[in-house]
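Q: Hi! I'm new to reading protein models, could you walk me through this one?
A: Happy to, let's take a look together.

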Amino acid sequence: MQAIYEKFSEENINKLKKVIDQLKNTDGSLIAVMNEAQEIFGYLPIEVQQFISEEMNVPLTEIFGIATFYSRFTLKPSGKYKIGVCLGTACYVKGSAMVLDKLKEKLGISVGDVTGDGKFSLEATRCLGACGLAPVMMINGEVFGRLTPDDVEDILKKFD
């Protein structure tokens with residue numbers, strides 16, 4: 001448990017402890033605690049999972065299983081700007097894979113990674129619900145549609 005104190009701020013650890021204390025005696029509260037932990041830390045690193053395990057008296061394997069099963073949880077930190085490129089059928093057919101390739105080239109990262117400066121993270125997603133604008137990508141909730149690989153550089157400049 002000491003590892004969490006070495007890696008994260010006391011303020012964030014205390015926030016999580018407060019959430020756990022409020023919810024730990026409530027049936028079915030584990031996912032709610034994990035959601036709050038992810039909001040506090042931005043992701044669910046093993047140190048946070050271990051802390052939750054010890055504080056809630058839940059096996060670490062159960063927490064890890066939930067964290068890896070649900071796509072809502074992430075075990076890696078995200079960038080300041082989270083880029084999601086739709087690879088659903090409509091977007092894929094209209095060239096989203098080429099947009100994704102251009103993003104990987106420009107950012108110098110692969111899907112699931114974060115740029116070295118922590119600025120951008122890149123994910124491949126399924127339908128973003130904007131099929132009429134295919135191909136699309138979303139950056140922190142802002143949708144960019146009817147994309148071509150040539151659009152990528154100008155869009156990234158907006159987030160400098």
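Q: Can we start with I13, is that residue buried or exposed?
A: I13 is buried, with a relative accessible area of 1%. Buried means under 20% relative accessible area, exposed means over 50%, and partly exposed is in between (1.4 Å probe, protein chains only). The areas come from the Shrake-Rupley method with a 1.4 Å probe, and for residues only the protein chains shown count as cover.

Q: Before going on, what kind of model is this?
A: This is a predicted model, where local features need pLDDT of at least 70 and side-chain atom pairs count only at pLDDT 80 or more, while totals for chains, interfaces and linings use all residues. Residues are numbered from 1 along each chain as its sequence is written, and side-chain values use heavy atoms, with hydrogens and water left out.

Q: Back to I13, where does that residue sit?
A: I13 is in helix 2. Helices (H or I, at least four residues) and strands (E, at least two) are DSSP runs, numbered from the N terminus.

Q: And what does I13 touch?
A: Leaving aside neighbours within four places in sequence, I13 is in contact with I4, Y5, F8, F41 and F51. Contact means heavy atoms within 4.5 Å.

Q: How far is I13 from L133 in space?
A: They are 42 Å apart, C-alpha to C-alpha, and 120 residues apart in sequence.

Q: Tell me about helix 2 itself. How many residues does helix 2 have?
A: Helix 2 covers residues 10–23, which makes 14 residues, and it reaches 20 Å from its first C-alpha to its last. That is close to the 20 Å expected at 1.5 Å a residue, where the expected span is 1.5 Å times one less than the number of residues.

Q: Which residues of helix 2 are buried?
A: They are N12, I13, L16, V19 and I20. Looking down the axis of helix 2, the buried residues fall within an arc of 125 degrees, so they line one face of the helix. The arc is that of the directions from the helix axis to the C-beta atoms.

Q: What's on the face turned away from that side?
A: That face of helix 2 carries the exposed residues E10, E11, K18 and Q22.

Q: Okay, zooming out. How many helices and strands are there?
A: The protein has eight helices and four strands. From the N terminus on, the order is α-α-α-α-α-β-α-α-β-β-β-α.

Q: And the overall dimensions?
A: The C-alpha atoms fill a box of roughly 50 × 30 × 20 Å, taken along the principal axes. Of the 160 residues, 41% are buried.

Q: Now helix 4. Why is helix 4 described as largely enclosed?
A: Eight of the 11 residues of helix 4 are buried, so the rest of the structure largely encloses it. Those buried residues are E47, V48, Q49, F51, I52, S53, E55 and M56.

Q: Can you pick one of those?
A: Sure, take S53, which counts as buried at 12% relative accessibility. Not counting residues up to four places away in sequence, S53 touches V58, P59, L60 and I63.

Q: What about L75, where is that one?
A: L75 lies in the loop between helix 5 and strand 1 (81–86). At 34% relative accessibility, L75 counts as partly exposed. Among the residues that L75 touches are Y43, P45 and F64.

Q: Anything unusual in the backbone?
A: Here's some background: most residues other than glycine have a negative phi, and most peptide bonds are trans. The peptide bond from A134 to P135 is cis, with omega near -10 degrees. P135 lies in the loop between strand 2 (120–125) and strand 3 (137–139).

Q: And which residues have a positive phi?
A: One of them is N140, with a phi of about 45 degrees although it is not a glycine. N140 lies in the loop between strand 3 and strand 4 (142–144). R146 also has a positive phi, near 50 degrees, and R146 counts as exposed at 56% relative accessibility. Just after helix 4, N57 takes a positive phi of about 55 degrees.
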